[in-house]
Each structure stands twice: as C-alpha cells, then as structure tokens.
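Subject: Structure for you to look through

Dear colleague,

I am passing on the structure we spoke about, with the sequence beside it. Please open both before reading on, since the notes below are meant to be followed residue by residue.

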Amino acid sequence: GLDSHGFQSKNANKMLPKITIQGVSADLLDDVDYKGADNGQDDKRVLEKKHVVMKIFEKNPQIKELNDKGHTFDIVYLKRDKKLRNGTANEELILGIKISPLIHQMILWKSTRVYLSWKS
C-alpha cells in the first residue's frame, strides 16, 4: 500500500473506527495507581485510561502486539455509570475506544464479551 512509501493522510486519525463498550465492571479500576495525579480529575482520568488499556492488553495479547506495531488503540473516553441490576446499584464503565481498522476487524471476529470479560 501507500503507507510503505511513508505516505500518511492527515485525516487518518479522524477516520479511525470508534467503538463504545458498555457495562464494563468498575472493579477494573480498583487497582489503579494514582501516584502522580496531583492535578485532580484530568490526571486521574489519564491514569485510569492507561490502566484500562493495560488490562485489556493483558487479556488480549494479540491486540497489544498490533498496538506495539503502531496500530491505534486509544481510550478516548471513560465514563462511570451507575446501573441497577437485581435491585443493587453497580458502578459500571462506558468506554469509547479509537482503534485501527485491523484491530476493529479482530474485535468483530471475536465476540466483544470474550475480549472484555476480566472476571473469567
């Protein structure tokens, strides 16, 4: 392809697929290391996003491998959401992730469930 000639479109990043994943257990953030997050929420958010990416990579080495080769895998937003399940309020996360087309295809091939269940 063209990219072998160092050709890169400025818009490439805007065109990347974005997926939204809901219902991720907020337990995922239990072991975030907030050291160095002195400037309040923004810093915390950055650390949380990094942490979530790390967790996803742990469960999905093939995604990490692609990311190491330069494929985009960025959490663009992370929102906490309270959900009622069987009368219990659970905190869940909604993740918005920008990914390269190749990673997108890979996720579509696997069920998103598998790829995001930390509990198993």
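Please begin with confidence, which in the protein chain is lowest in helix 4 (residues 112-116), where the mean pLDDT is 50, and highest in helix 2 (residues 61-68), where the mean is 93. Over residues 1-11 the pLDDT is below 50, and beyond near neighbours in sequence this stretch has one contact in the model. Where pLDDT is low, the predicted coordinates should not be read in detail. This is a predicted model, and across the protein chain the pLDDT averages 80, with 78% of the residues scoring at least 70.

Next comes the overall layout. The protein chain has four helices and three strands, and read from the N terminus the elements follow the order β-α-α-β-β-α-α. Of its 120 residues, 31% are buried, while the accessible surface comes to about 8200 Å², with 51% of that area belonging to carbon and sulfur atoms. If you take the contacts between residues at least 6 apart in sequence, 63% of them join residues that are at least 24 apart.

The strands are a good place to practise tracing a chain. Which strands pair with strand 3, and in what sense? Strand 1 (residues 18-25) pairs with strand 3 (residues 88-99) in the antiparallel sense over six bridges, and strand 2 (residues 73-85) also pairs with strand 3 in the antiparallel sense, over twelve bridges. To follow the pairing of strand 1 on the screen, look for S25, whose bridge partner in strand 3 is E92. From strand 2, you can look for R80, whose partner in strand 3 is L93, and for L78, which has L95 as its partner there. Strand 2 and strand 3 form a hairpin with two residues between the strands, and in this hairpin N86 takes a positive phi near 50°.

E92 deserves a closer look, as it lies in strand 3. Is this residue buried or exposed? With a relative accessible area of 7%, E92 is buried, because the cut-off for that word is under 20%. Leaving aside neighbours within four places in sequence, the contacts of E92 include G23, V24 and A26, together with K79, R80, D81, K83 and R85. E92 and D27 are 65 residues apart in sequence, yet their C-alpha atoms are 8.2 Å apart in space.

The aromatic rings come next. The structure holds one aromatic pair: the ring centres of F57 and F73 are 5.5 Å apart and the ring planes meet at 50°, so the pair is tilted. Because F57 lies in helix 1 (residues 41-59) and F73 lies in strand 2, the pair ties together parts that are 16 residues apart in sequence. F57 counts as buried at 11% relative accessibility, and F73 counts as buried at 3%. Another ring to find is that of Y34, where the charged end of K44 sits over the ring at 5.5 Å from its centre.

The last residue on my list is H51, which has its place in helix 1. What does H51 touch, if residues up to four places away in sequence are not counted? The residues in question are L28, L29, D31 and V32. H51 counts as buried, at 7% relative accessibility, and its C-alpha atom is separated by 8.3 Å from that of D33, which is 18 residues away along the chain.

With best wishes,
A colleague

Methods
Residues numbered from 1 in each chain as written. Predicted model: local features only at pLDDT ≥ 70, side-chain atom pairs only at ≥ 80, totals over all residues. Heavy atoms only, no water. Buried < 20%, exposed > 50% of the residue type's maximum accessible area, 1.4 Å probe, protein only. Contact = heavy atoms within 4.5 Å. Areas by Shrake-Rupley, 256 points an atom, 1.4 Å probe, with all protein chains shown as cover. pLDDT = per-residue confidence, 0-100. Pairing = 2+ DSSP bridges. Phe/Tyr/Trp six-rings, centres within 6.5 Å; stacked < 30°, edge-to-face > 60°. Lys NZ or Arg CZ within 6 Å of the ring centre and 35° of its normal.
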